Amino acid sequence: MTLFPEMCQAVYNDALFNIASNKGLMEYHVHNIRDYSHDRHRTVDDYTFGGGAGMLMKPEPIFEAVEDVLSDKKEGEEIPIILMTPQGKKLSHAMVREFSCYDRLVIICGHYEGFDERVREHLVTHEVSIGDYVLSGGELPALVLCDAISRLVPGVLGSDESAQTDSYADGLLEYPQYTRPPEYRGWKVPDILLSGDHGKVDKWRRKESLRRTMQRRPDLLEGISLSKQDLKLIEEIKEENPELQDLI
Ligand code: 6GU
(Lines give C-alpha, C1' and ligand atoms only; values in the text may rest on other atoms or scores of the structure.)
Protein backbone atom coordinates (compact mmCIF):
# COMPACT_ATOMS: atom_id res chain seq x y z
CA MET A 1 0.00 0.00 0.00
CA THR A 2 1.71 3.14 -1.18
CA LEU A 3 1.30 6.65 -2.51
CA PHE A 4 4.03 5.89 -5.08
CA PRO A 5 2.88 2.78 -6.93
CA GLU A 6 5.03 3.50 -10.00
CA MET A 7 8.16 3.50 -7.90
CA CYS A 8 7.30 0.15 -6.34
CA GLN A 9 6.24 -1.37 -9.65
CA ALA A 10 9.47 -0.24 -11.30
CA VAL A 11 11.48 -2.24 -8.81
CA TYR A 12 9.25 -5.32 -9.17
CA ASN A 13 9.67 -5.17 -12.90
CA ASP A 14 13.39 -5.62 -12.46
CA ALA A 15 15.75 -7.73 -10.42
CA LEU A 16 14.74 -10.45 -8.08
CA PHE A 17 11.06 -9.75 -7.72
CA ASN A 18 10.50 -10.51 -11.34
CA ILE A 19 12.32 -13.81 -11.03
CA ALA A 20 10.13 -14.89 -8.16
CA SER A 21 6.97 -13.85 -9.96
CA ASN A 22 7.99 -15.45 -13.25
CA LYS A 23 8.54 -18.75 -11.55
CA GLY A 24 5.06 -18.49 -10.07
CA LEU A 25 6.48 -18.66 -6.57
CA MET A 26 5.25 -15.27 -5.41
CA GLU A 27 2.88 -12.54 -6.41
CA TYR A 28 3.26 -8.86 -5.72
CA HIS A 29 0.38 -6.45 -5.97
CA VAL A 30 0.90 -2.72 -5.62
CA HIS A 31 -2.05 -0.72 -4.35
CA ASN A 32 -2.40 3.05 -4.50
CA ILE A 33 -3.65 4.38 -1.16
CA ARG A 34 -4.90 7.46 -3.00
CA ASP A 35 -7.49 5.30 -4.79
CA TYR A 36 -9.20 5.02 -1.40
CA SER A 37 -9.45 8.74 -0.64
CA HIS A 38 -12.90 10.21 -0.14
CA ASP A 39 -12.86 13.46 -2.10
CA ARG A 40 -12.24 14.71 -5.58
CA HIS A 41 -8.86 16.13 -4.57
CA ARG A 42 -7.83 12.59 -3.61
CA THR A 43 -6.68 13.78 -0.16
CA VAL A 44 -4.72 11.28 1.93
CA ASP A 45 -3.15 13.60 4.53
CA ASP A 46 -4.34 16.19 7.02
CA TYR A 47 -3.20 18.52 9.82
CA THR A 48 -2.41 17.18 13.30
CA PHE A 49 -4.88 17.84 16.11
CA GLY A 50 -3.21 19.96 18.76
CA GLY A 51 -1.10 21.78 16.22
CA GLY A 52 2.46 21.33 15.12
CA ALA A 53 4.31 21.19 11.87
CA GLY A 54 3.67 18.68 9.15
CA MET A 55 0.87 16.52 7.89
CA LEU A 56 -0.26 13.03 8.85
CA MET A 57 -1.64 10.17 6.79
CA LYS A 58 -5.41 10.08 7.35
CA PRO A 59 -6.82 6.81 8.70
CA GLU A 60 -9.74 6.19 6.30
CA PRO A 61 -7.85 5.56 3.04
CA ILE A 62 -5.42 3.19 4.76
CA PHE A 63 -8.08 1.18 6.60
CA GLU A 64 -10.20 0.94 3.48
CA ALA A 65 -7.32 -0.04 1.21
CA VAL A 66 -6.33 -2.88 3.55
CA GLU A 67 -9.94 -4.02 4.06
CA ASP A 68 -10.57 -4.03 0.33
CA VAL A 69 -7.48 -6.05 -0.48
CA LEU A 70 -8.22 -8.52 2.33
CA SER A 71 -11.93 -8.82 1.58
CA ASP A 72 -11.36 -12.46 0.52
CA LYS A 73 -9.54 -13.28 3.75
CA LYS A 74 -10.50 -16.72 5.02
CA GLU A 75 -11.75 -17.41 8.54
CA GLY A 76 -8.69 -17.98 10.70
CA GLU A 77 -6.16 -16.88 8.05
CA GLU A 78 -3.38 -14.96 9.75
CA ILE A 79 -2.06 -12.07 7.66
CA PRO A 80 0.56 -9.73 9.11
CA ILE A 81 -0.20 -6.08 8.38
CA ILE A 82 3.19 -4.43 8.47
CA LEU A 83 3.70 -0.70 8.85
CA MET A 84 7.03 0.64 7.61
CA THR A 85 8.10 3.31 10.11
CA PRO A 86 11.33 4.56 11.71
CA GLN A 87 9.59 3.86 15.04
CA GLY A 88 9.36 0.13 14.25
CA LYS A 89 11.44 -2.83 15.33
CA LYS A 90 14.73 -2.93 13.46
CA LEU A 91 14.65 -5.49 10.64
CA SER A 92 16.79 -8.59 11.21
CA HIS A 93 17.33 -11.89 9.42
CA ALA A 94 15.18 -13.58 12.09
CA MET A 95 12.25 -11.23 11.34
CA VAL A 96 12.64 -11.76 7.58
CA ARG A 97 12.53 -15.52 8.14
CA GLU A 98 9.40 -15.20 10.25
CA PHE A 99 7.62 -13.07 7.63
CA SER A 100 8.63 -15.51 4.86
CA CYS A 101 6.48 -18.20 6.52
CA TYR A 102 3.16 -16.47 5.81
CA ASP A 103 1.03 -17.03 2.69
CA ARG A 104 0.22 -13.33 2.46
CA LEU A 105 1.57 -10.08 3.88
CA VAL A 106 0.33 -6.52 3.68
CA ILE A 107 2.98 -3.80 3.77
CA ILE A 108 1.99 -0.17 4.31
CA CYS A 109 4.31 2.65 3.26
CA GLY A 110 3.82 6.07 4.83
CA HIS A 111 4.78 9.59 3.95
CA TYR A 112 4.58 13.03 5.56
CA GLU A 113 5.20 13.23 9.30
CA GLY A 114 3.60 9.89 10.06
CA PHE A 115 0.27 8.15 10.60
CA ASP A 116 -2.86 8.80 12.58
CA GLU A 117 -2.26 6.71 15.70
CA ARG A 118 -5.44 4.66 15.11
CA VAL A 119 -3.73 2.97 12.17
CA ARG A 120 -1.15 1.63 14.62
CA GLU A 121 -3.64 0.74 17.33
CA HIS A 122 -6.39 -0.90 15.32
CA LEU A 123 -5.08 -2.06 11.97
CA VAL A 124 -1.37 -2.82 12.01
CA THR A 125 0.11 -6.00 13.52
CA HIS A 126 3.84 -5.25 13.08
CA GLU A 127 5.91 -2.06 12.81
CA VAL A 128 9.23 -2.38 11.01
CA SER A 129 12.19 -0.02 10.55
CA ILE A 130 15.29 -0.79 8.47
CA GLY A 131 17.77 1.14 10.60
CA ASP A 132 18.53 4.18 12.68
CA TYR A 133 18.21 6.91 10.09
CA VAL A 134 15.18 8.68 8.68
CA LEU A 135 14.05 8.28 5.07
CA SER A 136 11.44 10.38 3.34
CA GLY A 137 9.02 7.51 2.95
CA GLY A 138 8.34 3.85 3.56
CA GLU A 139 8.70 2.65 -0.06
CA LEU A 140 12.43 1.96 -0.08
CA PRO A 141 12.23 0.15 3.28
CA ALA A 142 9.24 -1.90 2.03
CA LEU A 143 11.20 -2.88 -1.08
CA VAL A 144 14.14 -3.85 1.11
CA LEU A 145 11.80 -6.06 3.13
CA CYS A 146 10.28 -7.63 -0.02
CA ASP A 147 13.69 -8.35 -1.49
CA ALA A 148 14.90 -10.00 1.70
CA ILE A 149 11.74 -12.11 2.02
CA SER A 150 11.87 -13.19 -1.66
CA ARG A 151 15.33 -14.64 -1.13
CA LEU A 152 13.98 -17.03 1.48
CA VAL A 153 11.18 -18.43 -0.66
CA PRO A 154 12.28 -21.94 -1.67
CA GLY A 155 13.16 -22.08 -5.38
CA VAL A 156 13.67 -18.36 -5.90
CA LEU A 157 17.43 -18.51 -5.87
CA GLY A 158 19.68 -21.11 -7.47
CA SER A 159 21.34 -23.61 -5.14
CA ASP A 160 24.64 -21.69 -5.11
CA GLU A 161 23.01 -18.56 -3.85
CA SER A 162 20.84 -20.43 -1.35
CA ALA A 163 23.96 -21.86 0.18
CA GLN A 164 25.23 -18.34 0.57
CA THR A 165 22.04 -17.32 2.31
CA ASP A 166 22.56 -20.20 4.70
CA SER A 167 26.00 -18.97 5.59
CA TYR A 168 24.55 -15.55 6.35
CA ALA A 169 21.93 -17.29 8.41
CA ASP A 170 24.65 -18.98 10.47
CA GLY A 171 25.39 -15.51 11.83
CA LEU A 172 28.96 -14.98 10.60
CA LEU A 173 30.09 -12.62 7.88
CA GLU A 174 31.13 -14.07 4.54
CA TYR A 175 34.79 -15.09 4.02
CA PRO A 176 36.81 -13.28 1.29
CA GLN A 177 36.24 -14.66 -2.19
CA TYR A 178 38.29 -14.54 -5.39
CA THR A 179 37.81 -15.30 -9.05
CA ARG A 180 40.22 -15.40 -12.00
CA PRO A 181 42.88 -14.28 -12.69
CA PRO A 182 44.97 -15.99 -9.95
CA GLU A 183 47.32 -13.00 -10.06
CA TYR A 184 46.30 -9.43 -10.87
CA ARG A 185 48.77 -6.53 -10.77
CA GLY A 186 50.97 -8.70 -8.60
CA TRP A 187 48.19 -9.37 -6.08
CA LYS A 188 47.85 -13.12 -5.59
CA VAL A 189 44.87 -15.26 -4.62
CA PRO A 190 45.73 -17.19 -1.42
CA ASP A 191 47.49 -20.46 -2.35
CA ILE A 192 45.12 -22.66 -0.35
CA LEU A 193 42.21 -21.67 -2.58
CA LEU A 194 44.10 -22.91 -5.64
CA SER A 195 45.28 -26.12 -3.95
CA GLY A 196 42.19 -28.20 -4.67
CA ASP A 197 42.27 -29.51 -1.08
CA HIS A 198 38.62 -29.08 -0.05
CA GLY A 199 39.27 -29.83 3.59
CA LYS A 200 41.86 -27.07 3.81
CA VAL A 201 39.70 -24.68 1.81
CA ASP A 202 36.73 -25.22 4.16
CA LYS A 203 38.91 -24.66 7.21
CA TRP A 204 40.45 -21.50 5.68
CA ARG A 205 36.99 -20.13 4.87
CA ARG A 206 35.67 -20.81 8.35
CA LYS A 207 38.69 -19.10 9.88
CA GLU A 208 38.41 -16.06 7.59
CA SER A 209 34.67 -15.81 8.34
CA LEU A 210 35.50 -15.77 12.02
CA ARG A 211 38.32 -13.23 11.52
CA ARG A 212 36.13 -10.92 9.46
CA THR A 213 33.30 -11.13 11.99
CA MET A 214 35.69 -10.42 14.87
CA GLN A 215 37.09 -7.41 13.02
CA ARG A 216 33.89 -5.91 11.73
CA ARG A 217 30.94 -7.21 13.74
CA PRO A 218 32.11 -8.62 17.07
CA ASP A 219 28.54 -8.12 18.35
CA LEU A 220 27.40 -10.95 16.04
CA LEU A 221 29.64 -13.47 17.83
CA GLU A 222 27.59 -13.24 21.00
CA GLY A 223 24.55 -14.90 19.46
CA ILE A 224 26.45 -17.81 17.90
CA SER A 225 27.30 -21.27 19.15
CA LEU A 226 30.96 -21.92 18.44
CA SER A 227 32.48 -25.39 18.05
CA LYS A 228 35.74 -26.52 19.67
CA GLN A 229 37.35 -26.14 16.23
CA ASP A 230 36.04 -22.54 16.03
CA LEU A 231 37.54 -21.72 19.42
CA LYS A 232 40.88 -23.08 18.25
CA LEU A 233 40.69 -20.97 15.09
CA ILE A 234 39.82 -17.91 17.21
CA GLU A 235 42.95 -18.48 19.31
CA GLU A 236 45.04 -18.61 16.10
CA ILE A 237 43.39 -15.41 14.84
CA LYS A 238 44.18 -13.63 18.11
CA GLU A 239 47.85 -14.58 17.74
CA GLU A 240 47.85 -13.27 14.18
CA ASN A 241 45.82 -10.13 14.99
CA PRO A 242 46.89 -8.88 18.44
CA GLU A 243 44.33 -6.04 18.18
CA LEU A 244 41.60 -8.71 18.52
CA GLN A 245 43.13 -10.06 21.75
CA ASP A 246 40.42 -8.70 24.03
CA LEU A 247 37.49 -10.06 22.04
CA ILE A 248 35.39 -12.89 23.56
CL1 6GU B 1 10.53 1.94 7.66
N2 6GU B 1 10.58 4.53 7.15
C3 6GU B 1 11.19 5.72 7.08
N4 6GU B 1 10.51 6.77 6.64
N5 6GU B 1 12.45 5.91 7.46
C6 6GU B 1 13.12 4.84 7.88
C7 6GU B 1 12.57 3.58 7.96
C8 6GU B 1 11.26 3.45 7.58
N9 6GU B 1 13.50 2.72 8.42
C10 6GU B 1 14.58 3.45 8.63
N11 6GU B 1 14.37 4.72 8.32
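Q: What makes the pair of side chains of Glu-139 and Thr-2 a polar contact?
A: In this predicted model, the two side chains are joined at 2.5 Å. A polar contact requires a pair of N or O atoms within 3.5 Å, and 2.5 Å meets that cut-off, so the pair is called a polar contact. Thr-2 is also among the residues that Glu-139 touches beyond its neighbours within four places in sequence, along with Leu-3, Phe-4, Met-7, Cys-8, Cys-109, Gly-110 and His-111.

Q: How do you know that Glu-139, in helix α6, has no salt bridge?
A: The nearest side chain of opposite charge belongs to Arg-34, and it is 9.5 Å away. A salt bridge needs a nitrogen of Lys or Arg within 4 Å of a carboxyl oxygen. The 9.5 Å to Arg-34 fails that test, so Glu-139 is buried without a salt bridge.

Q: Why is Asn-32 called buried or exposed?
A: Asn-32 has 16% relative accessibility. Buried means under 20%, so Asn-32 counts as buried. It is found in the loop between α2 and β1, where its side chain reaches the backbone nitrogen of Arg-34 at 2.9 Å. Outside its neighbours within four places in sequence, Asn-32 is in contact with Thr-2, Leu-3, Pro-5 and Arg-42.

Q: What makes Lys-228 count as buried or exposed?
A: Lys-228, in helix α11, has 78% relative accessibility. The cut-off for exposed is over 50%, so Lys-228 counts as exposed.

Q: Why is the pair of Lys-58 and Asp-46 called a salt bridge?
A: The N to O distance between the two side chains is 3.9 Å. The limit is 4 Å, so the pair counts as a salt bridge. Lys-58 lies in the loop between β2 and α3 and Asp-46 in strand β1, so parts twelve residues apart in sequence are tied together. Asp-46, at 35% relative accessibility, counts as partly exposed.

Q: How do you know that Asp-230 and Arg-206 meet in a salt bridge, and where do they lie?
A: Their side chains meet at 2.9 Å, N to O, and the limit is 4 Å. Asp-230 is in helix α11 and Arg-206 in helix α9, 24 residues apart. Asp-230 is buried, with a relative accessible area of 3%, whereas Arg-206 is partly exposed at 26%.

Q: What makes Arg-211 part of a network of salt bridges?
A: Arg-211 and Glu-240 meet at 2.9 Å, N to O. Arg-211 lies in helix α9 and Glu-240 in helix α11, so the pair ties together parts that are 29 residues apart in sequence. The network links these two with Lys-207, Glu-208 and Glu-236. Arg-211 counts as buried at 13% relative accessibility, while Glu-240 is partly exposed at 44%.

Q: How do you know that backbone atoms of Tyr-133 and Leu-135 lie within polar-contact distance of the ligand?
A: A backbone N or O atom of Tyr-133 lies 2.5 Å from a nitrogen atom of the ligand. For Leu-135, a polar backbone atom is 3.0 Å from a ligand nitrogen. The limit is 3.5 Å, which the side chain of Ser-129 also meets, with a polar atom 3.4 Å from a ligand nitrogen. The protein buries 95% of the 290 Å² that the ligand exposes when taken alone.

Q: Which strand gives the most to the shell around the ligand?
A: Strand β3 does, with three residues. Both β3 and β5 supply at least two residues each.

Notes:
Residues numbered from 1 in each chain as written. Predicted model: local features only at pLDDT ≥ 70, side-chain atom pairs only at ≥ 80, totals over all residues. Heavy atoms only, no water. Buried < 20%, exposed > 50% of the residue type's maximum accessible area, 1.4 Å probe, protein only. Lys, Arg positive; Asp, Glu negative; His and termini not counted. Polar contact = N/O pair within 3.5 Å; in protein donor to acceptor, adjacent residues only side chain to side chain. Contact = heavy atoms within 4.5 Å. Areas by Shrake-Rupley, 256 points an atom, 1.4 Å probe, with all protein chains shown as cover. Helix = DSSP H or I, 4+ residues; strand = E, 2+ residues; numbered from the N terminus.
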